[in-house]
Structure formats: C-alpha cells, structure tokens
Amino acid sequence: MNEKKSSLKKSMTLTASISMGVGAMVGAGIFALMGEAGTRAGNLVYISFIIAGIISLLSGYSYAKLGTKYPSSGGIVEYLVQGYGSGYTTGILSVLLYFSVTLVMAMVARAFGSYAAALFTSNPSGFLVNIFASLIVIILSFINFAGSDVVGRVEKFIVISKILILAIFIISGSLLIKPELLSIQGSNISVVDILSTVAICLLAYHGFGVITNTVGDMPNPSHTLPLAIYGSIGVVIIIYVGAAFAVFGNLALPDIIQAKDYAMAEAAKPIFGQIGFTIISLAALMSAASSLNANLYSTANITLLMAKDGELPRFEGRKLWHAGTGGLLTTTILILLIANFLDLTRIAALGSIIYLIIYSVVHLGHLKSLTFETGASKILIGLAFFSNFSVLVIFSIRMIKHDPIVFYVLIILLFIAIVIEIYMQKINKRVIKAMRQ
C-alpha cells in the first residue's frame with residue numbers, strides 16, 4: 001500500500017506539472033478568449049496580456065510560498081483556511097471557487113465544440129457545437145477516473161504537440177505581420193479599455209493554480225512547485241504575446257471580432273490558407289482538451305478536500321471507480337449542463353470576477369496573517385493583492401454599466417453558496433479543517 005502511494009506521488013514530476021499548468025492556461029487563453037479580448041482592447045490586446053502575465057507572476061509567487069508551506073491537494077481552499085479559519089468566509093468562497101472552476105471548464109468545452117464544428121461546416125449549428133462539447137467532457141472525465149499518473153502522461157503528449165503547432169504559427173505569423181494592422185493611430189482604445197481587458201486575460205492565466213493541487217503527487221514539492229508555477233506562467237506569457245501579434249498583425253480587427261469564437265484559426269488563413277485553418281483548429285481542440293483534462297484533475301482534488309472538511313456533501317468525496325470520486329461525477333454533470341445551456345461570453349465575465357475576488361482575498365489573508373510562516377515578501381504579496389483588486393474594481397464598474405446581468409447571476413451563485421455553507425455548518429455540524437504539519 002505504501003509503495004503504491006509513493007509511486008503515485010512520484011508521478012507528477014516537474015515536466016508533468018509544467019505541462020499541466022501550460023495545458024490549463026493555453027486552452028482557455030488563446031483559443032477561447034483571444035477574440036473576446038480583442039473586442040475590448042482591439043489590436044492593443046497584447047498589452048493586456050503582458051500586464052496580466054506580470055500580475056499572474058505576482059500571484060504565482062504568493063501561491064508558491066503558500067503551497068510550499070501548506071502542501072495540500074486542496075490548493076486555494078487550504079490557503080483560505082489558513083488565512084481566515086473555518087468560518088463562513090472560507091466556506092462561501094470555497095463553494096464559489098468550485099462554481100468558477102466549473103464555469104471556466106464549461107467555457108473551454110464550448111470552445112472545443114465551436115472549433116470542432118467549424119471543421120465540418122462553415123456555419124455550424126448550436127446543436128452540433130453542443131454534441132462535440134459534450135463528447136470531450138465525457139471522454140476526459142473517464143481519463144481522470146484512471147488516476148494522476150495517466151493524467152500526467154496525457155498532458156505531456158498533448159502539450160508538446162500543441163506547442164509545436166503554435167510555435168510554427170507564431171513564428172510564421174510574426175514574419176508576415178502587416179504593421180498597419182498593429183498601428184495605434186486612430187485607435188479609440190483607452191487605458192481603461194486595456195485595463196478592463198486585463199480581467200479577461202487573467203482568466204486565461206488562472207490555470208497555473210491547478211499546479212498547487214498536484215503538490216501531494218510531487219516528489220519534492222518545495223523545489224518542484226515554485227519552478228512549475230514560474231515556468232508555466234513564463235512559457236504562457238511568451239505564447240500569448242506572440243499569438244496576439246500573429247493574430248492581430250495578420251487579420252483586420254473587424255474580421256477577428258466576427259470570428260471571435262475561432263479567431264486563431266481564422267487568422268491562420270492569410271498565412272497558410274485553408275490548411276492553416278484546419279491545423280490551428282486541431283491545435284485548438286488539443287488545447288481545449290488539455291485544459292479540461294488538467295482542470296478536471298484539479299477540481300476532483302478540491303471537491304475531495306471540501307467533502308472531507310464538510311464544505312460539500314459526503315458523496316462528493318466518495319470513491320466511485322479507480323481514482324474517480326463523486327465530486328468528479330458531479331462536476332462532469334454541471335459542466336455538461338452549463339456548456340449546453342448558458343451564454344459563455346457572460347460566463348467568461350462571471351468567471352473573471354469570481355477569480356479576481358478569490359485571488360484578492362487569498363493574497364490579503366496571506367499578507368495579514370501568514371507571511372511570517374511562509375517567509376514571503378510583504379511587498380510582493382501586497383502588490384499581488386493590490387493589482388488583482390484594482391483590476392477587479394475596474395472590470396466590475398465596466399460590467400455594471402454594460403452587462404448588469406452578470407451581476408444578477410453572481411448574486412444568485414453567492415446565495416447558493418451561502419445556503420450550502422449554512423446547511424453544511426449548521427445542520428451537518430461540520431467545519432473546515434486546516435491541514436497541520
């Protein structure tokens with residue numbers, strides 16, 4: 001039994017962890033959100049990606065310190081417990097975190113469905129998109145039921161293939177850039193537009209958080225975790241900025257906005273023709289698949305910890321088949337429902353707001369209560385909090401003015417989280433337990 005457990009822990013190596021982080025970020029970032037970000041920041045979207053990358057590195061520093069000090073497969077949930085105790089703040093935010101992860105996975109599944117359908121017809125129906133989105137969720141759920149060693153091997157294969165294709169696209173696109181398309185002369189994009197777009201771009205980077213949930217499967221967490229976080233974010237910054245130049249430097253903004261659900265593939269047409277559209281679409285499918293794969297693994301760990309600590313019903317932590325749990329099954333069902341019935345543009349905005357709230361609260365708790373334990377720099381943790389919170393305020397103001405429905409949905413999710421928390425703590429008489437070393 002001990003040998004088996006040790007073998008599983010050694011399965012999530014540095015390479016596998018970086019692959020998981022890159023896979024989780026790139027799938028949502030380029031292929032699902034590049035077009036959406038372009039509708040907000042225009043051809044200056046690369047600036048938003050750079051700013052978001054810097055903020056993510058600050059957040060990554062905070063998470064690396066927390067993850068090393070409190071190695072737990074629960075990741076963010078554990079950091080909330082350590083910073084705020086086992087009260088309602090931690091409980092409600094933990095449930096919101098679960099909702100946000102599920103929302104983002106549904107968004108990525110929808111992106112997979114859109115690219116897959118576009119390969120078969122130039123005017124894909126919503127039904128066809130739903131079919132492909134549902135299929136990929138079901139297939140990857142079965143893979144995650146198989147265990148972390150399988151997840152790691154699948155991630156390395158998918159990410160290597162995807163990066164090779166993206167590298168060819170970015171290099172070729174950069175060589176053929178039309179400078180006039182990147183010109184800022186006559187642009188109506190303001191500083192506020194760029195900063196509010198950072199919120200969407202940060203959602204594209206949020207995937208690095210899945211690495212903290214694999215710490216229990218790492219052979220040497222204190223060494224592997226920081227390197228995996230910094231390494232994955234660094235790789236993704238290069239990919240995002242390079243892709244932004246290649247896309248917006250080869251395709252006019254109106255065309256990008258019109259094809260925003262598959263903007264990367266459309267941008268490949270001026271470079272490689274129809275074959276380019278097909279190849280980039282295939283890369284998009286691999287990216288979305290690897291993102292879902294990584295996040296399903298992470299969410300299974302989160303729901304397992306939350307069930308053990310009383311934040312979710314016991315069923316969520318019950319083992320069903322091999323490494324699969326009730327939480328993985330529930331998450332799969334929720335993703336299928338969201339991907340088939342909700343507006344994913346609003347889901348992206350909603351996910352951005354929830355993540356910014358949670359990240360800000362985590363950094364604030366780290367700053368106020370935990371730096372003496374983690375040994376982290378208060379200046380860097382303070383910058384992590386300030387940057388995330390500032391983007392949250394700017395983006396929230398913009399969304400209240402232009403799409404208040406997002407906030408109505410947010411209030412509903414908050415109400416559900418409060419009800420769940422009251423039920424679990426008052427009726428079930430259970431509290432969240434902090435991991436002790």
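**Figure 1. Contacts of Thr 332 in the predicted model.** Thr 332 touches Val 137, Ser 141 and Leu 296, leaving aside residues up to four places away in sequence; contact means heavy atoms within 4.5 Å. Thr 332 belongs to helix H13 (residues 326–341). Helices (H or I, at least four residues) and strands (E, at least two) are DSSP runs, numbered from the N terminus. With a relative accessibility of 9%, Thr 332 counts as buried (buried is under 20% relative accessible area, exposed over 50%, partly exposed in between; 1.4 Å probe, protein chains only). Residues are numbered from 1 along each chain as its sequence is written, and side-chain values use heavy atoms, with hydrogens and water left out. This is a predicted model, in which local features need pLDDT of at least 70 and side-chain atom pairs count only at pLDDT 80 or more, whereas totals for chains, interfaces and linings use all residues.

**Figure 2. Salt bridges within helices H2 and H11.** A search of the whole structure finds four salt bridges, each defined as a side-chain nitrogen of Lys or Arg within 4 Å of a carboxyl oxygen of Asp or Glu. In one of them, the side chains of Arg 40 and Glu 36 meet at 3.0 Å, N to O. Both residues lie in helix H2 (residues 14–41), four residues apart, so about one helical turn separates them. Arg 40 is buried at 19% relative accessibility, and Glu 36 is buried at 8%. Another salt bridge joins Glu 266 and Lys 269 at 3.8 Å, N to O. These two residues are three apart in helix H11 (residues 263–272), again about one helical turn. Glu 266 is buried, with a relative accessible area of 19%, whereas Lys 269 is partly exposed at 33%.

**Figure 3. A salt bridge between helices H15 and H8.** The closest N and O atoms of Arg 398 and Asp 193 are 2.9 Å apart, forming a salt bridge. Arg 398 lies in helix H15 (residues 378–402) and Asp 193 in helix H8 (residues 191–205), so the pair ties together parts that are 205 residues apart in sequence. Asp 193 is buried, with a relative accessible area of 13%.

**Figure 4. Phe 31 and the largest nonpolar core.** The core has 135 residues, of which Val 26, Ile 30, Phe 31, Met 107, Phe 169, Tyr 240 and Met 264 touch the most other members. Helix H5 (residues 88–118) gives the most to this core, with 21 residues. A nonpolar core is a set of buried Ala, Val, Leu, Ile, Met, Phe, Trp, Tyr and Cys residues joined through side-chain atoms within 4.5 Å. Not counting residues up to four places away in sequence, the contacts of Phe 31 include Tyr 115, Leu 166, Asp 261, Met 264 and Ile 280.

**Figure 5. The second largest cavity.** The structure holds two cavities of 30 Å³ or more, and the second largest has a volume of about 70 Å³. On a 1 Å grid over the protein atoms alone, a cavity is a set of points where a 1.4 Å probe fits but cannot get out, and lining residues have an atom within 4 Å of a point. Grid points are joined across faces, edges and corners, and a volume is the space filled by probe spheres set on the points. Among the lining residues of the second largest cavity are Ser 56, His 206, Tyr 355, Tyr 359 and Asn 388. H14 supplies the largest share of this lining, four residues.

Notes. On a 1 Å grid over the protein atoms alone, a cavity is a set of points where a 1.4 Å probe fits but cannot get out, and a pocket is an open set with protein on both sides within 12 Å along at least five of seven lines; lining residues have an atom within 4 Å of a point.
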